[in-house]
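Here are some friendly notes to read alongside the model. They begin with single residues and move on to the chain as a whole.

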Amino acid sequence: MKNSSKFAVLALLLLSLFALVACTNSENSSSESDGNEAETEKEVVTNEEGKTVISFWHAMSGAGQVSLDAIVADFNTSQDKYEVQAEFQGSYEESLTKLRSVGGTKDAPAITQVFEVGTKYMIDSGFVEPIQKFIDKDKYDISQLEENILNYYTVDDQLYSMPFNSSTPVMLYNKDAFKAAGLDPEKAPETFSEVIDAAAKLKTDDMKGFSMLTYGWFFEELVATQGGLYVDEENGRAGDATKATFNGPEGLNVFRFLDTMNKAGTFGNFGTNWDDIRAAFQSGKVAMYMDSSAGIKGIIDNAPFEVGAAYIPYADEVKRNGVVIGGASLWMSKGIAEAEQEAAWEFMKYLTTPEVQAKWHLETGYFAINPSAYDEQIVKDAWEATPQLKVTVDQLQSTEPSIATQGALISVFPESRQQIVTALENLYQGMDPQEVLDTAAEGTNRAIEIANKTK
């Protein structure tokens, strides 16, 4: 999602889903045997070769869709039992709307791609079969996958979905501008105060020193790297969260960091659109900014100057904890035929192989969920040509596993992110950092309360 209006729409959508989910769960509990009988009567779809055919709903477009279609085609020709049909469903929110009408039934797609902030909703929905069931049954070695990616989707020691397109934030900077300002282009600032000082030196009549997209994800990351939690109940992982905690010391550090540069005139506010802030960086209107690790290859290829990549900054008084994974994962449907679930599981396993993940990493910029992919020669060659790509992997792998970096779980995350967007916009208009943060926390608390009541 690239603008705040989409978050508002999705927030309303998810809130409307809670009541439906509550009704669906109660209905399922009274008619579970009927559902199982219907499942056994369902005829599994096969193609002319006798392969079990399953649907895979996804939200990948552009280069991501091209790469995914090729992976699916390779899987289909690699064995003689299953055929996956990849079906683009539009945006994440559009796909989730469609899933609502068939979720938990025999008509649901075998696999659905859902963005990370939909994790809590999916767990509570009753639509899914945790893939931990198949990991245990198959004795699948989950340790071969990236721990700091698995952590997000693991709840109560169960891996609920298979990570797929995973990304984290990264700080990009203009090395040419660093040289012109007398800064070391090979040493990016690390702490908030270092960024503030560098931004002051980098500012010119035409260039701001630092910028951050007005987007809640980056705020969450800057809180987490300080070891701060977003909500109570151990970030919503010990139980259903009841209130926001992001307006505490860690969140205030972030807002004061941005407020200091904004008041000094060294901060560039380029709004909520990813394309706008990327264009500002590439055209020399800002020297440092935060972006997604999945987007940096395109920036490096198109910028008319040398681009540096660095870890995201952190508050001076704390140690760096690392980053929370973003992106999306693949969920297996509950209520479909056993043969379809088996096909889905085989495809998920295929996706995790080093060869497939190496291809996915290089073609899309997303992380390889199997770190053995980084040992593939094609990746080594790419990293030698574009060493900035390795910086993003190093940042992820150096992240300290904790409740903070595991990420928060709340079903109203889209609405909460919109609260942060509003808080940032008010901050840039001169309002008090603590005041706007507290208002955002209050709005989040109201959304959480409504969601918890309708469960």
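1. Helix 11 covers residues 232–236, and N235 sits within it. This is a predicted model, so please read every value below as computed from it. The phi angle of N235 is near 65°, which is positive although the residue is not a glycine. N235 is also buried, because its relative accessibility is 2% and the cut-off for buried is under 20%. I would look at this residue early on.

2. A second positive phi in a residue other than glycine belongs to D156, with a value near 55°. Where does D156 lie? The residue is in the loop between strand 4 (154–155) and strand 5 (158–159). D156 has 62% relative accessibility and therefore counts as exposed, as the threshold for that class is over 50%. Thus D156 is exposed, whereas N235 is buried.

3. Please have a look at K175 too. This lysine belongs to helix 8, which runs over residues 175–180. Is K175 buried or exposed? With a relative accessible area of 9%, K175 is buried. Setting aside neighbours within four places in sequence, K175 has contacts with P185, E186, E306, V307 and G308.

4. Helix 18 spans residues 388–397, and its buried residues are Q388, L389, T392, V393, Q395 and L396. Why do they fall on the same side of helix 18? They do so because the arc they cover around the axis is only 160°. The general background is that an α-helix has 3.6 residues a turn, so residues three or four places apart point the same way.

5. What do the buried residues of helix 18 pack against? Their partners include four helices' worth of ranges worth checking on screen: helix 7 (147–153), helix 14 (296–302), helix 16 (354–364) and helix 17 (377–385). Strand 7 (169–174) and strand 11 (307–310) are partners of these buried residues as well.

6. Helix 14 also holds G298. This glycine is partly exposed, with a relative accessible area of 32%. G298 and D69 are separated by 229 residues in sequence, and their C-alpha atoms are 21 Å apart in space.

7. Q429 is in the loop between helix 20 (413–428) and helix 21 (433–453). Its relative accessibility is 68%, so Q429 counts as exposed. From Q429 to N262 there are 167 residues in sequence, and the C-alpha to C-alpha distance is 9.3 Å.

8. Now for the chain as a whole. The protein chain has 21 helices and 12 strands. Its C-alpha trace spans about 70 × 50 × 30 Å along the principal axes. For 455 residues, a compact globule would have a radius of gyration near 23 Å, and the 22 Å of the protein chain agrees with that. Of the contacts with a separation of 6 or more, 78% are between residues 24 or more positions apart.

9. Finally, burial, surface and charge. Of the 455 residues, 57% count as buried. The chain exposes about 18,000 Å², and carbon and sulfur atoms supply 47% of that area. How far apart are the mean positions of the positive and negative charges? For the 36 positive and 69 negative charges of the protein chain, the two mean positions are 3 Å apart.

Notes:
Residues are numbered from 1 along each chain as its sequence is written. This is a predicted model: local features need pLDDT of at least 70, side-chain atom pairs count only at pLDDT 80 or more; totals for chains, interfaces and linings use all residues. Side-chain values use heavy atoms; hydrogens and water are left out. Helices (H or I, at least four residues) and strands (E, at least two) are DSSP runs, numbered from the N terminus. The radius of gyration is taken over C-alpha atoms; the globule rule is 2.2 Å times the number of residues to the power 0.38. Buried means under 20% relative accessible area, exposed over 50%, partly exposed in between (1.4 Å probe, protein chains only). Contact means heavy atoms within 4.5 Å. Accessible areas come from the Shrake-Rupley method with a 1.4 Å probe; for residues, only the protein chains shown count as cover. Lys and Arg count as positive and Asp and Glu as negative; His and the chain ends are not counted. The place of a charge is taken as NZ of Lys, CZ of Arg, CG of Asp or CD of Glu. The arc is that of the directions from the helix axis to the C-beta atoms.
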